[in-house]
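Thanks for sharing this one. Here are a few friendly notes to read alongside the coordinates.

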Amino acid sequence: MPMYAIIEESGGQRKVREGDEFLIDLVDGGKAEAGRVITFDRVLLLSGEGVANGSKIGAPYVAGATVTAEIVEPLTKGEKIYIYKHAPKKTYKRKTGHRQPYTKVRVTAIKG
C-alpha cells in the first residue's frame with residue numbers, strides 16, 4: 001500500500017498521496033510562481049509502507065512529519081456556486097454566481 005498522509009489545511013482535513021493534485025487557499029494572493037515548494041507541517045496521520053507499525057497518529061500532530069508540494073497553477077478558479085434570493089409573494093428574484101480563487105499544488109514528498 002503506498003504511503004499517504006492526512007493533513008490539516010484551509011480549515012479542513014485532506015488525505016494526500018505522492019503525485020496528488022489539489023486546491024488550497026491562495027498563496028501570496030495568486031502571485032506565487034509555478035514550481036515554488038510549499039511545506040505542510042500539520043500532519044495528523046501517516047500510513048503506508050514507509051511507516052513503522054503501519055501508521056503514526058498524531059496528538060494532535062505527528063512530530064517531525066511533513067508533506068512537501070509544489071505549485072502547479074498559482075491562480076485557478078473553483079467550481080461556480082449559484083446564490084438565489086427571493087421574497088415570497090413579491091416580484092423579487094435574484095440569481096448571482098461566485099467562483100472562488102485557489103492555488104493548485106502537487107504533492108512531491110511525504111516524510112515522517
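The points below cover an aromatic pair, the sheet around it and two charged side chains over rings.

1. A reminder before the details: this is a predicted model, and the values here are computed from it.

2. Let me start with the aromatic rings. The count comes to one aromatic pair, formed by F22 and F40. The two ring centres are 6.1 Å apart and the planes meet at 40°. That makes the pair tilted, because the tilted class covers angles that are neither under 30 degrees nor over 60.

3. Where does the pair sit along the chain? It links distant parts: F22 belongs to strand β3 (residues 21–24) and F40 to strand β4 (residues 37–40), with the two residues 18 apart. F22 counts as buried because its relative accessibility is 11%, and F40 is buried too, at 9%; the cut-off for buried is under 20%.

4. Both strands belong to an open sheet of four strands, in the order β3-β10-β7-β4 and with antiparallel pairing. β3 and β4 stand at the edges with a single partner strand each, so one side of each has no neighbour in the sheet. From one strand to the next, the twist averages 40°.

5. For a closer look at one edge, follow β4 to its partner β7 (residues 66–77): the two pair in the antiparallel sense over four bridges. Here T39 stands opposite T68 in β7.

6. Finally, two lysines are worth displaying with their rings. K15 lies over the face of Y4, 4.3 Å from the ring centre. K95 lies over the face of Y82, at 4.7 Å from the ring centre.

Key. Residues are numbered from 1 along each chain as its sequence is written. This is a predicted model: local features need pLDDT of at least 70, side-chain atom pairs count only at pLDDT 80 or more; totals for chains, interfaces and linings use all residues. Side-chain values use heavy atoms; hydrogens and water are left out. Rings of Phe, Tyr and Trp (its six-membered ring) pair if their centres lie within 6.5 Å; planes under 30 degrees apart count as stacked, over 60 as edge-to-face and the rest as tilted. Buried means under 20% relative accessible area, exposed over 50%, partly exposed in between (1.4 Å probe, protein chains only). A charge sits over a ring if NZ of Lys or CZ of Arg is within 6 Å of the ring centre and within 35 degrees of the ring normal. Two strands pair if DSSP finds at least two bridges between them. Axes are lines fitted to C-alpha atoms, for helices over the stretch in contact, and angles run from 0 to 180 degrees between N-to-C directions.
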